[in-house]
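Here are a few exercises to work through with the sequence and the 3D view side by side. Try each one yourself before you read the solution.

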Amino acid sequence: MKIARLFKKVEDFFSMDEQKRNQKSKKVEKLTSSLMDKIESIKEKIQETDNERKKEKLKKKLEILKKLEKKLLKEQENQDE
Amino acid sequence: MSIEVFNFNILKRYIYPLFLLSVAYVLFLSSDAKVIIAGVAVFLIGMVFMEDGFKLFSGGILERILKVSTSSVPKAIGTGFVATAIVQSSSLISIIIISFLSAELITLSGAIGVVFGSNIGTTTTAWIVSAFGVKIKIAQLAMPMLIFGVLFRFNKNKSYQGLGNVLIGLGFVFLGIGYMKEGFEALKGGLDLAQFAMEGYLGVLVYVLIGAIATIVMQSSSATMALIITALVTNQIVYLNALELAIGANIGTTVTAVIGSLTSNANGKRLAVAHLIFNMVTGFIAIVLLYQLADLVTFISSKIGIASDDYAMQLALFHTIFNIIGVLAVSPFTPKLVVFLKGLFEEKVKDVSRARYLDNAVVEVPEVALLALKKEIMHLYDNATEALSHALSLHRHTYIGLGDEISKAIESSVVMIDLDIDEFYERKIKTLYGDIINYATISQETMSVEDEHKIYSLKIACRDIVETIKDVKELQKNINRFMDSKNEHIKGEYNYLREEIARTLDGIHTLRNNSDDLEVLVKIKLLEENLNKLDMIKSGRIDNLIRNNSIETKMATSLINDSIFAYEISKNLIHVATVLWIEDREIQELGEE
């Protein structure tokens, strides 16, 4: 039993897959939160501006950010499954 | 140039064979000398393994640290010290620093700071040799290192292979020290080199010269230091002469750097001369104050617990102290040194058709090679934007940075620019493209799977850039043809294609200096959304023109075909921007369809 555990540890050490997966999921989490921050900040800017042209541009940006967020969340779900 | 060739020819023809013959003669004469020289050879092989290992093992950390930690001279000195102390190779640090300097990632004063720090860092070799190398049964430590090093080399992971090389290197270094010590001990039975000890300033000059020559021959001050320490602990040389040899080793190492820089670019030459000036000044101070420094070493040794008869450790302390004094004496003059060096070696006017950043010295350092490639592809991109703009009969300064006002710039650009795209391609694209692909292919041989993917993306980006040139060649014919057309509709449609490509180029220009990858991705996505408008059939634009009899059928088919070229050009440019200006791999992948 102990030998099996030892082998598992050695295998984990050499493969580094687990470590890489953890790193990746941390990165994705960070990315999701910065996407959310950007979405919030653009929403605020849309409310603050009176310039229609600028508002239109910001809305386009917002739309893209939402699409990216949706894609990221979907990818995350797929990975969890 | 002729002087360089002359020198190298003399070296090849006479000095090198003579040197080999004298080594062979010494080996024939004395079996003890054979052991010492074999020790030096094994030590040098160890250094080569260690350097190769760190190139693979560091996974880019070393390069990242060197890139961001050189903003001020004191910071750069600290960085140079730590980096060299860890990798035990000032030449590896120099190679990386020269490449960063050429890529304009660090300033010359930062690079000089690293060189200063590297000189202190290299003194750690003397500490390692004097503390471990000559005091314990070194071969017993070397063997497990060699065994585990070889085992790690069998691993598929490049980082483990790198670690394996570092261990093999350390093993050989320790084994080499063991041989040197053994050789000197055996030699003592037959010949006592200590009888050649010399006192006074004549002795100083003779031994400094011997130290310098030994370092020039072995191309490694670390090897000379190892040799001096092993000779010192076996009482083959006296303490004061050992100090003088150490000063000589410091001076000798600059000769190696200067010879190495002869074929280098202006940056390489500047750094080599900075190194030379630093070591000459340091050497001069150490020679003049030799006896005072020796007393200082004795005093500090007594305070920090180094035994009064432990001359090896005292030599290591001397080596460190005189390099620190050198840094203190020379570093305040860094700004003046920068001005002097820039004046001494002026950069040649850059030829846009040739590679600027692809330095063969760093082709085996993955992170630096990737960086050099990226910079060079940006250079290729800039050449391509010149061709694209001129093919559209536009000058970059007339529309870049205009944003929403671009349409006005297009309307007012009515003078045709007669660009021969084939000639331009031959002159400013083809050679550069070939150089990049060649460098990328060579560099990927030593890369991890992850880095190989990056190289693959960069190669695709290059291909996309070249495709845009080929597509714009097709588009150019009808742009020129309809530029003066009396049919305002077809003229307007071709102006529209010019405008959309110009918008893409302008959009990419605005995102180039943005370090927020998410912002860059959003801008790229906005450019992508515009792409579909270029498809004349999908957008229904062509239907309206035909229905209203605004253009002839032949014009319509030309326009449909040309709109596809415009679409492909913009699409390829956007893809190139994604690869070149989004650093984060995750964000890059998020942008992919």
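**Exercise 1.** Is B:Arg427 buried, partly exposed or exposed? Then work out how B:Arg427 is placed relative to its salt-bridge partner.

*Solution.* Keep in mind that this is a predicted model.
- Step 1: The relative accessible area of B:Arg427 is 38%. Buried would need under 20% and exposed over 50%, so B:Arg427 is partly exposed.
- Step 2: Now find the partner: B:Arg427 forms a salt bridge with B:Glu423, and their closest N and O atoms are 2.8 Å apart.
- Step 3: Both sit in helix H20 of chain B, four residues apart, so about one helical turn separates them.
- Step 4: An α-helix has 3.6 residues a turn, so residues three or four places apart point the same way.
- Step 5: B:Glu423 is partly exposed too, at 38% relative accessibility.

**Exercise 2.** Describe helix H17 of chain B, then find which parts of the chain the salt bridge of B:Lys374 ties together.

*Solution.*
- Step 1: H17(B) runs over residues 366–391, which is 26 residues. From first C-alpha to last, H17(B) reaches 37 Å, close to the expected 38 Å.
- Step 2: Check how covered H17(B) is: 22 of its 26 residues are buried.
- Step 3: B:Lys374 pairs with B:Glu583 in a salt bridge, with 3.3 Å between the closest N and O atoms.
- Step 4: B:Lys374 lies in H17 of chain B, while B:Glu583 is in the loop between helices H26 and H27 of chain B, so the pair links parts 209 residues apart in sequence.
- Step 5: Compare the two ends: B:Lys374 is buried at 14% relative accessibility, whereas B:Glu583 is exposed at 61%.

**Exercise 3.** Build up a picture of where chain A meets chain B.

*Solution.*
- Step 1: Start with who takes part: 20 residues from chain A and 21 residues from chain B.
- Step 2: About 1900 Å² is buried between the chains, and carbon and sulfur atoms give 61% of that area.
- Step 3: Four salt bridges are counted between chain A and chain B. In one of them, A:Lys38 meets B:Glu519 at 3.8 Å, N to O.
- Step 4: Helices H1, H2 and H3 of chain A each supply at least two residues of the side that touches chain B. H3(A) gives the largest share, 10 residues.
- Step 5: Sort that side of chain A by class and you get nine nonpolar, one polar and 10 charged residues.
- Step 6: Finally, look for a network of salt bridges: A:Lys38, A:Lys61, B:Asp516 and B:Glu519 are linked in one.

Key: Residues are numbered from 1 along each chain as its sequence is written. Chains are lettered from A and ligands numbered from 1 in the order in which they are written. This is a predicted model: local features need pLDDT of at least 70, side-chain atom pairs count only at pLDDT 80 or more; totals for chains, interfaces and linings use all residues. Side-chain values use heavy atoms; hydrogens and water are left out. Contact means heavy atoms within 4.5 Å. Buried area is the accessible area (1.4 Å probe) that two parts lose on being put together, summed over both. A salt bridge is a side-chain nitrogen of Lys or Arg within 4 Å of a carboxyl oxygen of Asp or Glu. Ala, Val, Leu, Ile, Met, Phe, Trp, Tyr, Cys and Pro count as nonpolar, Asp, Glu, Lys and Arg as charged, and the others, Gly among them, as polar. The expected span of a helix is 1.5 Å times one less than its number of residues. Buried means under 20% relative accessible area, exposed over 50%, partly exposed in between (1.4 Å probe, protein chains only).
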